[in-house]
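Biologist: I am new to this one and have it open beside me. Please walk me through it, starting wherever you like.

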Amino acid sequence: MADRNRYLAEFDTLTGLANRSQFQTKLSLFDAASAIKVKPFGALLLIDLDEFKPVNDCFGHAAGDACLTIVANRIRNICAGAELVARLGGDEFAVLLGPHAQFEEASETARAIVTQLGLPIDHRGQQLRVGASVGIALADNCTSSQLAAMADSALYAAKDAGRGTFRIYKRGAERRPRDASSAA
């Protein structure tokens, strides 16, 4: 019974990914580690599904749940080496990449997520379509709350750019998030 309660406290029951609580706990370790000059992870990716609401509205919540489960599995497979993959709630996910993750790895991971989540999902003979917008913040000399705010800003920039893409916000660069393709 205690194991079950612990699981429910730390994991999303639909997808099996870490939940928001476990994500927040892991993110808070960032501040403690930074104080002793240790970098527990290198980048935060925030993922928001595009066009998920029409799946629920047109095909029902059972189809939406099946879609979320498949999306979670795709993200888990792409990010197998990540420090943490979490479902924050609804159609929002987060990935904490390892301490050595830099611009290139974060970009490649986001590109793979956008590509894989753009593939159709078969549900009882119906082709469900969603996509993903991804915001990335590199963990360079910032607090956990700053890291989250930068990733959130980059996510909104990706959505503003037409969705189905990603943006990277790098602290110390220009104030607005940068398109990964323009930074190369």
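**Salt bridges, strands and a pocket**

Modeller: Glu-83 is a place to start: its relative accessible area is 34%, so it counts as partly exposed. Keep in mind that this is a predicted model.

Biologist: Which side chain does Glu-83 meet in a salt bridge?

Modeller: Lys-26, with 3.9 Å from N to O. The two come from distant parts of the chain, 57 residues apart: Lys-26 belongs to helix H2, while Glu-83 sits in the loop between helix H4 (61-78) and strand E2 (84-89). Lys-26 has a relative accessibility of 25%, so it is partly exposed.

Biologist: How many salt bridges does the structure hold?

Modeller: Seven. Side chains of opposite charge can pair when their charged atoms come close.

Biologist: Give me another one. What does Lys-159 pair with?

Modeller: Its side chain meets that of Asp-50 in a salt bridge, at 3.0 Å from N to O. This pair also links distant parts of the chain, with Lys-159 in helix H6 and Asp-50 in strand E1, 109 residues apart.

Biologist: Are Lys-159 and Asp-50 buried or exposed?

Modeller: Both are buried. They also belong to a network of salt bridges that takes in Asp-48 and Arg-163 as well.

Biologist: And where do Lys-53 and Asp-57 lie?

Modeller: Both are in helix H3, residues 52-59, four residues apart, or about one turn of the helix. Their side chains form a salt bridge at 2.7 Å, N to O. Lys-53 is exposed, because its relative accessibility is 56%. Asp-57 is exposed too, with a relative accessible area of 53%.

Biologist: What about Cys-58, buried or exposed?

Modeller: Exposed, because its relative accessibility is 60%. Cys-58 is in helix H3 as well. Its C-alpha is 9.9 Å from that of Leu-128, and the two residues are 70 apart along the chain.

Biologist: Now the strands. How many of the residues of E1 are buried?

Modeller: Eight of the eight, so E1 is largely enclosed by the rest of the structure. On one side, Ala-43, Leu-45, Ile-47 and Leu-49 are buried, and on the other Leu-44, Leu-46, Asp-48 and Asp-50 are buried too, so both faces are covered.

Biologist: How many bridges join E1 to E3?

Modeller: Six, and the two strands run antiparallel. Within that pairing, Leu-46 stands opposite Ala-94 in E3. E1 is also joined to strand E6 (residues 131-138), by eight bridges and again antiparallel. There, Ile-47 has Val-134 of E6 as its bridge partner.

Biologist: Back to E2. In what sense do E2 and E3 pair?

Modeller: Antiparallel, over five bridges. Leu-84 stands opposite Leu-96 in E3. The two strands form a hairpin with two residues between them, and Gly-90 in that turn has a positive phi of about 50°. As for burial, five of the six residues of E2 are buried, so the strand is largely enclosed by the rest of the structure.

Biologist: Change of topic: pockets. What volume does the largest pocket have?

Modeller: About 230 Å³. Rolling a probe the size of a water molecule over the atoms shows where empty space is left.

Biologist: Which residues lie nearest the centre of the largest pocket?

Modeller: Leu-46, Leu-88, Glu-92, Asp-152 and Leu-155, out of a lining of 16 residues. By type, the lining divides into ten nonpolar, one polar and five charged residues.

Biologist: Where does the largest share of the lining come from?

Modeller: From H6, which gives five residues. Helix H2 (20-35), strand E1 (43-50), strand E3 (92-97) and helix H6 (144-160) each supply at least two.

Biologist: Then tell me about H6. How many residues has it?

Modeller: It has 17, and it reaches 24 Å from its first C-alpha to its last, close to the 24 Å expected at 1.5 Å a residue.

Biologist: Which residues in H6 are buried?

Modeller: Ser-144, Leu-147, Met-150, Ala-151, Ala-154, Leu-155, Ala-157, Ala-158 and Lys-159. Leu-155 is one of the residues nearest the centre of the largest pocket, and Lys-159 is the one paired with Asp-50.

Biologist: And what follows H6?

Modeller: Gly-162, with a positive phi near 115°.

Conventions:
Residues are numbered from 1 along each chain as its sequence is written. This is a predicted model: local features need pLDDT of at least 70, side-chain atom pairs count only at pLDDT 80 or more; totals for chains, interfaces and linings use all residues. Side-chain values use heavy atoms; hydrogens and water are left out. On a 1 Å grid over the protein atoms alone, a cavity is a set of points where a 1.4 Å probe fits but cannot get out, and a pocket is an open set with protein on both sides within 12 Å along at least five of seven lines; lining residues have an atom within 4 Å of a point. Grid points are joined across faces, edges and corners, and a volume is the space filled by probe spheres set on the points. Ala, Val, Leu, Ile, Met, Phe, Trp, Tyr, Cys and Pro count as nonpolar, Asp, Glu, Lys and Arg as charged, and the others, Gly among them, as polar. The expected span of a helix is 1.5 Å times one less than its number of residues. Buried means under 20% relative accessible area, exposed over 50%, partly exposed in between (1.4 Å probe, protein chains only). A salt bridge is a side-chain nitrogen of Lys or Arg within 4 Å of a carboxyl oxygen of Asp or Glu. Two strands pair if DSSP finds at least two bridges between them.
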